Amino acid sequence: AALIMTDALLGANRRGMDVELSTPAYSHAGAVLAARVDMRFRRGHPPWRADVRLETNDLLKPRARVWRSRSSHDLISVETASDVVRRGEAEIRRIWIEWRGPLELVTKRRIIEADRRVSVIPDISSVKSEALRLFARETSIGQRDYLEKGGGSEFEALRDFLPGMDRRTIDWKQSARHTKLLAKEFRTEQDQTVIFAIDTGRLMCEPIGRLPKIDHAV
């Protein structure tokens, strides 16, 4: 009993510690949210190690039940990782911290009300390079029609078929009439309005991999 009382008195005081939670401002659906917990002990003997658990909402799935780290003088830092399940507002509600005294006879616990919110947005990194390539093209400015011969869907004219051209552009009827190979030339469309419609029914909640179908569509 005396050793237990001594361990409790010599160990780090629960009220004499500062806890800081570091998280990114936002994350992506399907990504891994990294959060760091820094604990600084101001009173009592700093523990050799500390165990950290995170209490989150259903948008986050911690990869471990408990994270353990060794101390560095009076500062302990623990790196945590959680899978982001879907879009919305992820929450880290509480931080559970446990450590033992210098004799390892007494376990102390402190619960920190974190109330940290992280916005989970769609991941557009896969289309970023393609978007940059499209916007880097030389296009006209304004709403006037801009005629550019090349790939498109609107017929422009007929021309002689040359080696290297796409064989699918050959107009076989006109080629038979003129007794030579003729290819269709199309006009590239500009300034068109494109509408993407995404089904948001309950079937889109079916998971594919780690994300539901709706997140893959977005």
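Student: Leaving aside its neighbours within four places in sequence, which residues is M39 in contact with?

Tutor: In this predicted model, M39 is in contact with M17, D18, V19, A50, V52, D74, L75, I76, V78 and I97. M39 is also listed among the residues with the most contacts inside the largest nonpolar core, together with F41, V52, I95, I97 and W99.

Student: How many residues does that core have, and which elements give two or more residues to it?

Tutor: The core has 27 residues. The elements that give two or more are β1 (17–22), β3, β4, β7, β8 and β9.

Student: What makes F41 and W99 buried or exposed?

Tutor: The cut-off for buried is under 20% relative accessible area. F41 has 3% and is therefore buried. W99, at 2%, meets the criterion as well, so W99 is buried.

Student: Why is the pair of F41 and W99 called edge-to-face?

Tutor: Ring centres must lie within 6.5 Å to pair, and planes over 60 degrees apart count as edge-to-face. The centres here are 5.3 Å apart and the planes stand at 70°, so the pair is edge-to-face. The structure holds one aromatic pair.

Student: Which parts of the chain does this aromatic pair tie together?

Tutor: F41 lies in strand β3 (residues 32–41) and W99 in strand β8, so the pair ties together parts that are 58 residues apart in sequence.

Student: How do you know that R109 and E98 meet in a salt bridge?

Tutor: The criterion asks for a side-chain nitrogen of Lys or Arg within 4 Å of a carboxyl oxygen of Asp or Glu. For R109 and E98 the N to O distance is 2.7 Å, so the pair qualifies. This pair links strand β9, which holds R109, with strand β8, which holds E98, the two residues being eleven residues apart. By the same rule the count comes to 18 salt bridges.

Student: What makes E104 and R49 a salt bridge, and where do the two residues lie?

Tutor: Their N to O distance is 3.7 Å, which is within 4 Å, so the pair counts as a salt bridge. E104 is in the loop between β8 and β9, whereas R49 is in strand β4 (residues 49–56), 55 residues apart.

Student: Why are E104 and R49 called partly exposed?

Tutor: Partly exposed covers the values between the buried cut-off of 20% and the exposed cut-off of 50%. E104 has 36% and R49 has 25%, so each is partly exposed.

Student: How do D58 and R86 compare with those exposure cut-offs?

Tutor: D58, at 52%, is over 50% and is therefore exposed. R86, at 33%, falls in between and so counts as partly exposed. The side chains of D58 and R86 meet in a salt bridge of 3.4 Å, N to O. The pair links the loop between β4 and β5 (60–62), where D58 lies, with the loop between β7 (75–84) and β8, where R86 lies.

Student: What makes L103 eligible for a nonpolar patch on the surface?

Tutor: Patch residues need over 30% relative accessible area and no salt bridge. L103 has 41%, so its accessible area passes that cut-off. L103 lies in the loop between β8 (88–100) and β9 (107–121). L3, I4, L103 and L105 form the patch, with about 370 Å² of accessible area together.

Definitions and conventions
Residues are numbered from 1 along each chain as its sequence is written. This is a predicted model: local features need pLDDT of at least 70, side-chain atom pairs count only at pLDDT 80 or more; totals for chains, interfaces and linings use all residues. Side-chain values use heavy atoms; hydrogens and water are left out. Patches are made of residues with over 30% relative accessible area and no salt bridge: like charges are joined within 9 Å, nonpolar side chains (Val, Leu, Ile, Met, Phe, Trp, Tyr) within 5 Å. Accessible areas come from the Shrake-Rupley method with a 1.4 Å probe; for residues, only the protein chains shown count as cover. Helices (H or I, at least four residues) and strands (E, at least two) are DSSP runs, numbered from the N terminus. Buried means under 20% relative accessible area, exposed over 50%, partly exposed in between (1.4 Å probe, protein chains only). Rings of Phe, Tyr and Trp (its six-membered ring) pair if their centres lie within 6.5 Å; planes under 30 degrees apart count as stacked, over 60 as edge-to-face and the rest as tilted. A nonpolar core is a set of buried Ala, Val, Leu, Ile, Met, Phe, Trp, Tyr and Cys residues joined through side-chain atoms within 4.5 Å. Contact means heavy atoms within 4.5 Å.
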